[in-house]
Amino acid sequence: MVNLLTGRSILKGLAHSWDSVWYLHIATHGYGTRVHITDSGAVQTDWAFFPLYPGLVRALDWIPLLTPGVAALLIAWTATALAAIGVYAIGHQLYGRAVATAMVALWAALPHSVVLTLAYTEPLFIALAVWCLYALLDERWLAAGALAALAGLTRPNGYAAAAAVLGVAAFEVVRHRGRVPLGLWAGALAAPLGWTAYLLLVGHRTGALLRGYFQVQSAWESRFDGGLGTLRFLATVPLTDGVIYPVALVVVAVGVHLFVRLCRERVPLALLLYTAALLLPVVLVSGPFESKPRFLLPAFPLLIPAAQALVHRWRTDPDATRRLCGYLTAFSLLYGTYLATFANHSP
């Protein structure tokens, strides 16, 4: 289908769309080799993109006949599978098989789940973050810290995994009055290293050690404004200009609602801190609003209340639940196809 609609091969379309082009360029040519000047005169540089994903793509360059685009897709698809297994593992450990299955099904049927098929960093980040949280729940502190550090090298919001590790570590230290395993201290120290190291590197390269990365992001229209950008969007949202903005608005609103419900549940602290760290910048940081639902893809704990409700509905009315799941899947497929083929202005 994508072939007929775009005139490009399916693999090329998935591997060379929007931000994927930047990641592949970094993997092939390194940092500092690509810039884009916007209509407003802002200079966008490749320092905005974190290094782990293009680094892995470059690491596979030795395999014969494997192009950077194909390598990027293989990494993303493998990470998506690992992330799905991790979401199920956490759901199964906390709530049983039925809720775990519903969580994975809902996650796969999210409107922006098409991103999981692209050469993007979301799959890799989600896989690392999910298994970091799983390690936290098992009190494997050093593994959690190492995975959080890798997650922090993957995306700007990679700090969410480190926030979970540090928050849980602080809670354990207070609860046990400092009598905690050495591994907990090591995991807590390791968790923020990836994210912090890259920000300092960009700051060093740009000549503004602590502000450099945020200046780079500002050129991409991404800056902390306390939610003013979100309020402006709500006041001027173009509800009649296609479906992207209305869907984005609904997804973000539902995400906020589900977080309120999640806070009422007895979920582990790690999941709550991780989700809050992902949700807050969606609301409080300016940027293209149509991309905000993509930033919520890693926030899988938001699906816990919905998965529990789905399981309850299945037990009382399985036929209606099948229809509901069918509608959600069909909408996700159609909307994802629309994003990947027609919505070229919406990364």
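This is a short dialogue on reading the features of a predicted model.

Biologist: What should I know about this model before I start?

Modeller: It is a predicted model, in which local features need pLDDT of at least 70 and side-chain atom pairs count only at pLDDT 80 or more, while totals for chains, interfaces and linings use all residues. Residues are numbered from 1 along each chain as its sequence is written, and side-chain values use heavy atoms, with hydrogens and water left out.

Biologist: Thanks! How many helices and strands does the chain have?

Modeller: Helices (H or I, at least four residues) and strands (E, at least two) are DSSP runs, numbered from the N terminus. Here the chain has 18 helices and two strands.

Biologist: What does the radius of gyration tell me about the chain?

Modeller: We take it over C-alpha atoms and set it beside a globule rule, 2.2 Å times the number of residues to the power 0.38. For 347 residues, a compact globule would have a value near 20 Å, and the chain agrees because it has 20 Å. The C-alpha trace spans about 50 × 50 × 50 Å along its principal axes.

Biologist: And what share of the residues counts as buried?

Modeller: Buried means under 20% relative accessible area, exposed over 50%, and partly exposed in between (1.4 Å probe, protein chains only). In this chain, 47% of the 347 residues count as buried.

Biologist: How do I read contacts along the sequence?

Modeller: A contact means heavy atoms within 4.5 Å. Take the contacts between residues at least 6 apart in sequence: 70% of them join residues at least 24 apart.

Biologist: Now the rings, please. How is a pair of aromatic rings described?

Modeller: By the distance of the centres and the angle of the planes. Rings of Phe, Tyr and Trp (its six-membered ring) pair if their centres lie within 6.5 Å; planes under 30 degrees apart count as stacked, over 60 as edge-to-face and the rest as tilted. The structure holds 16 aromatic pairs. One of them is Y31 with W47, a stacked pair at 4.8 Å centre to centre and 10° between the planes. Y31 sits in the loop between α3 (19–29) and β1 (35–37), and W47 in the loop between β2 (43–45) and α4 (52–59), 16 residues apart.

Biologist: Is Y31 buried or partly exposed?

Modeller: Y31 is partly exposed, with a relative accessible area of 24%, whereas W47 counts as buried at 12%.

Biologist: Which pair could show me a tilted case?

Modeller: Look at F50 and Y198, with 4.6 Å centre to centre and 45° between the planes. F50 is in the loop between β2 and α4, Y198 is in helix α11 (residues 193–206), and the two are 148 residues apart. Both count as buried: F50 has 0% relative accessibility and Y198 has 3%. Ring pairs also link Y31, W47, F50, Y198, Y213 and F214 into a cluster.

Biologist: Which residues of α3 are buried?

Modeller: They are D19, S20, W22, Y23, L24, I26 and A27. These buried residues pack against α2 (10–15), β1, β2, α4, α5 (68–95) and α16 (292–295). Just after α3, G30 takes a positive phi of about 85°.

Biologist: One last stop: where does V99 lie?

Modeller: V99 lies in helix α6 (residues 97–108) and is buried, with a relative accessible area of 8%. Leaving aside residues up to four places away in sequence, V99 touches A307, Q308 and V311. V99 and R34 are 65 residues apart in sequence and 45 Å apart in space, C-alpha to C-alpha.
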